[in-house]
Amino acid sequence: MNFQWRWTPIRQRIKLMLQRKELGAIQHIKYIGSFSGYNMLAYSYRGWESRTEEGGGFLFAVGSHMIDSLLWWMDEEITDVYGDLRTQISAYTGEAGPEIRNADDAFTFTGCFRSGASLLVDVFYPGVRGTGWTLEIYGSKGTLKMRDDEILECSFGGPFEPIEIEPFLPPANLEAPAIHYYNGLYQMVDAIYNSMTEHTTSASIPQFADGHKVQAVLDAICLSSKTHSRILVDYGPYIDLE
């Protein structure tokens, strides 16, 4: 349930726009990413990340955050999915011997929200040269585009116009990889702290129920990929002790 992506300013702005129905009724969401991971996968060990039985794979590592963002933005459940998990680079042999991989390094799934809006998610990590992240949200009043979690644009029938986002800047001396997580994680931890010390609440704080829903969607995608069939998402019984 460490869904810190919610807290970046650009994602908070998207959430606000959807809450205000600025795009109208949402019809379709396309969320895709491709990355330059070929050399890393082809010429180095991945360890536990290469093994499904140890929680490896990019669906769990990256797709879980994407699913939480989709559920949170839309504030409704995904009802059904059709998934495809792929292992493009299935082995590596180095000085320590061969590493046989069964975890995904690429995945795709389609589905529907309870409102009927459709969705397409596609991630490809082992590209020689990837193109990064793109999010497109299509509504009855307008279309939203987000690029690499940095650029946000909207069209309400005319040209796409940029939407200004007030940045939340990390400390100047912070280095990778921490700098990539600071923006959302700091604000999430701060909000959780305030909720405990000041008894305040925020709809952006991820709850255990959110993690439960994400896992239900992940399970459905995995089952769909194995059976080559569309799967209804079974959220099962969940007791909220709040």
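Helices and strands are runs assigned by DSSP, with at least four residues for a helix and at least two for a strand, and they are numbered from the N terminus. With that in hand, the loops of this predicted model can be located. Aspartate 148 lies in the loop that links strand 8 (143-147) to strand 9 (151-155). Its phi is positive, about 55°, although aspartate 148 is not a glycine. Is this residue buried, partly exposed or exposed? Aspartate 148 has 30% relative accessibility, so it counts as partly exposed, because that class runs between the 20% limit for buried and the 50% limit for exposed.

A second loop, between helix 5 (208-227) and strand 11 (231-232), holds histidine 228. Here too phi is positive in a residue other than glycine, with a value near 55°. Histidine 228 has a relative accessible area of 61% and is therefore exposed. Another histidine, at position 199, follows helix 4 and has a positive phi near 55°.

Helix 4 itself spans residues 178-197 and is not straight throughout: at glycine 184 it bends by about 40°. Glycine 184 is also one of the buried residues of this helix, together with Asn183, Gln187, Met188 and Ala191. Part of the cover over the buried residues of helix 4 is supplied by helix 1 (9-19).

Attention now turns to the interior. In soluble globular proteins, nonpolar side chains tend to be buried together. The largest nonpolar core in this model has 50 residues, and the members that touch the most others are Ile14, Trp73, Ile78, Leu135, Ile137 and Leu144. Which helix gives this core its largest share? That is helix 3 (residues 58-74), which contributes 10 residues.

Isoleucine 78 offers a good look at how such a core member is surrounded. Leaving aside neighbours within four places in sequence, isoleucine 78 is in contact with seven residues: Leu71, Cys112, Phe113, Leu119, Val217, Val233 and Tyr235.

Some nonpolar side chains are found on the outside instead. Tyr38, Tyr43 and Val128 make up a nonpolar surface patch, and together they have about 360 Å² of accessible area. Tyrosine 43 belongs to helix 2, which covers residues 38-43. Because its relative accessibility is 55%, tyrosine 43 counts as exposed, the limit for that class being over 50%.

Technical notes: Residues are numbered from 1 along each chain as its sequence is written. This is a predicted model: local features need pLDDT of at least 70, side-chain atom pairs count only at pLDDT 80 or more; totals for chains, interfaces and linings use all residues. Side-chain values use heavy atoms; hydrogens and water are left out. A nonpolar core is a set of buried Ala, Val, Leu, Ile, Met, Phe, Trp, Tyr and Cys residues joined through side-chain atoms within 4.5 Å. Buried means under 20% relative accessible area, exposed over 50%, partly exposed in between (1.4 Å probe, protein chains only). Contact means heavy atoms within 4.5 Å. The bend at a residue is the angle between axes fitted to the seven residues ending there and the seven starting there. Patches are made of residues with over 30% relative accessible area and no salt bridge: like charges are joined within 9 Å, nonpolar side chains (Val, Leu, Ile, Met, Phe, Trp, Tyr) within 5 Å. Accessible areas come from the Shrake-Rupley method with a 1.4 Å probe; for residues, only the protein chains shown count as cover. A salt bridge is a side-chain nitrogen of Lys or Arg within 4 Å of a carboxyl oxygen of Asp or Glu.
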